[in-house]
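The following exercises concern strand pairing and salt bridges. Each task is followed by a worked solution.

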Amino acid sequence: MTNTPDYRPMWTELGLDLDNHDALLDALGQLYSDTYLSQANRPEGMGYFDFVMGEVHGLRIKELVDARAQGKIVVGAFCVFVPEELVLAANGICVGLCAGADFGTEEAERYLPRNTCSLIKSFFGFALEKVCPYLQASDLVVGENTCDGKKKAYEIFQGMIPGQFMALDMPNTKSADGRAVLKKAYVELIEKLEELSGTTITVEALKDAIGVVNAKRRALHRLSALRQAVPAPISGLDALLANQVAFYDDPQRFTSSVETLCDELDRRVEQGEGVVPASTPRIVMSGCPMAVPNWKLPAIVEASGAVIVGEESCIGDRGQQNLVSDEGGTIDALIDNLVDRYFTIDCAVFTPNPDRAEHASAIADGARADGVIHYALQFCSPYQIEAPMLETAVERGGTPVLRIDTDYSAEDVEQLRTRVEAFVEQIGG
Ligand code: BJ8
C-alpha cells in the first residue's frame, strides 16, 4: 500500500486517528505484499486491482470527498441487501463497510461480548479506533437487521455515529409477508436517500442505475464463468480481490477493469494456460462473507496446493447472482423488480433456506470442484448451524466437504493449515 501523495490532511479532516491509521496501513501493506504480490503467474489485469488496493484509503477516499463537495451523497452499507441501484439513482455513491481485519478487537470487546463474530467486532474496532475513512466519509450508514449479532450491535453502534445511521428492516422468511417487509424497507430507504440528497428518484435515473449495477454483475458473472475452465486461469485470491473491490470502486470503472481482466483470461483459457497446472485440486468456498482484508483461509488453501474456483458467499456468487429487470414504467414497478432480485440472495439468516445448499452444489458442479470448504466465523450461528445441512447436500452430489470455523486472528493458522493440507491431499489423491 503506497501512499505517495500526502493524504494526511484529508484523513485528519475526516476525523481519523492518524497513529492508529498508520498502524493499520502498515499491517495491511505487509499483508497485501505477502499474500498477493508474492503469487506467481498473475494476470496483468490484476495490476488495476493492485493499484486500487494501494489507494484504497487514498485516491478513492479523495474521490468520495470531492464528490461530496460537488453535492453527491456517500452511503455506507454493511450488507448486500442494500441496493446500490437506489443509492446511485439518488445521486449517491455506495461503499461497503464490512470490515475484515483483526483491529481494535480489545476496544470492541468493551462494548460487545467476546463471543461475537469477528466481522461485527471488526467494524466496531474500526469505528472506535477511528481508522475507517469510508465510515468517516459516509453521509448515511445503512445497517440491516439480519442476524441477532448485527441487529443488537447496531443498537450501540448508531450511538457512536449520531444522526448518520439508518436501520433497514429485514424479513427472516422468503414468504409473501417477507417480501412486503423488504419492499417497505426499500421504500423507506428511498425516502431517506431523497431527503439527504435533495433529489427525487425518477424512473429514468433508477433505470440507468439498474443498468450500471447489472453491467457490474455481468462482468463478475463472466469472471466466475472463466474460473470454471481447467486449468483455472486465475487464482482464487485474485478473483476474491476483484469481488472485494466491487464494494469500494466506482462501478463503471470497476466494470471495465473486470472486463479487461476477463479478456485476458479468455485468451488464457483459449490457449489452455492456467495460473496453476490442470491437475491442481479445485476448491469452492462456501459460507460467511470475506471482507477486505480477510484473506487468511484462501491464502492457506492456495498455499496448500489447491486453487479456489468459486465462492458461495456474499463477496462472491451469492452477493452478485441474478440481475434486476428494468422493465416497468413506475418507481413502484422498479422497486418490485429490485425486491425480486434481492429476494433471491440465499443468506443464512432466512428460515428455512434450502436454496443455499443447492446453490453451493451448483457452483461446485459448474466449477468442477474436487472439494468444498465451508467457512464460518466463530459465533456466527446462522452459518454454523447451516453447515451440516450444506455438507450433507453437497456430499450427496459426490463432492467432499471440509467444515472450518475460524476468526480473524492468526492464532489458528497452523492448525488450519494442517487440516486444509490433509483435505487437499484427500481430494487430490
Ligand atoms: S446477506 S451474509 S452480508 S447478513 S458473520 S455478522 S451473519 S454472525 S454477514 Fe451478511 Fe448480509 Fe447475510 Fe450477506 Fe451475523 Fe454471521 Fe457475523 Fe455475518
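A residue is called buried under 20% relative accessible area, exposed over 50%, and partly exposed in between, with a 1.4 Å probe and protein chains only. The model is predicted, so local features need pLDDT of at least 70 and side-chain atom pairs count only at pLDDT 80 or more, while totals for chains, interfaces and linings use all residues. Residues are numbered from 1 along each chain as its sequence is written, and side-chain values use heavy atoms, with hydrogens and water left out.

**Exercise 1. Strand S3**

Task: Determine which residues point each way from S3 and whether they are buried or exposed.

Solution. Helices (H or I, at least four residues) and strands (E, at least two) are DSSP runs, numbered from the N terminus. Strand S3 covers residues 140–144, and five of its five residues are buried. Leu140, Val142 and Glu144 point one way, whereas Val141 and Gly143 point the other way. In a regular strand the side chains alternate between the two faces of the sheet.

**Exercise 2. Neighbours of S3**

Task: State in which sense S3 pairs with S1 and with S4, and follow the chain from S3 to S4.

Solution. Two strands pair if DSSP finds at least two bridges between them. S1 (residues 73–77) and S3 are parallel, with three bridges; here Val75 stands opposite Leu140. S3 and S4 (residues 165–168) are also parallel, with four bridges, and Gly143 has Ala167 as its bridge partner in S4. From S3 the chain passes through helix H9 (residues 148–160) to S4 in a right-handed β-α-β crossover. Right-handed means that, with the strands pointing away from the viewer, the path from the first strand over the helix to the second runs clockwise.

**Exercise 3. Two salt bridges**

Task: Establish the partners of Glu144 and Asp148 in salt bridges, and the accessibility of each residue.

Solution. A salt bridge requires a side-chain nitrogen of Lys or Arg within 4 Å of a carboxyl oxygen of Asp or Glu.

- Glu144 meets Lys150 at 2.9 Å, N to O. Glu144 is buried, at 0% relative accessible area, and Lys150 is buried, at 10%.
- Asp148 pairs with Lys151, the closest N and O atoms being 3.5 Å apart. Both lie in helix H9, three residues apart, about one turn of the helix. Asp148 is exposed, at 56%, whereas Lys151 is partly exposed, at 31%.
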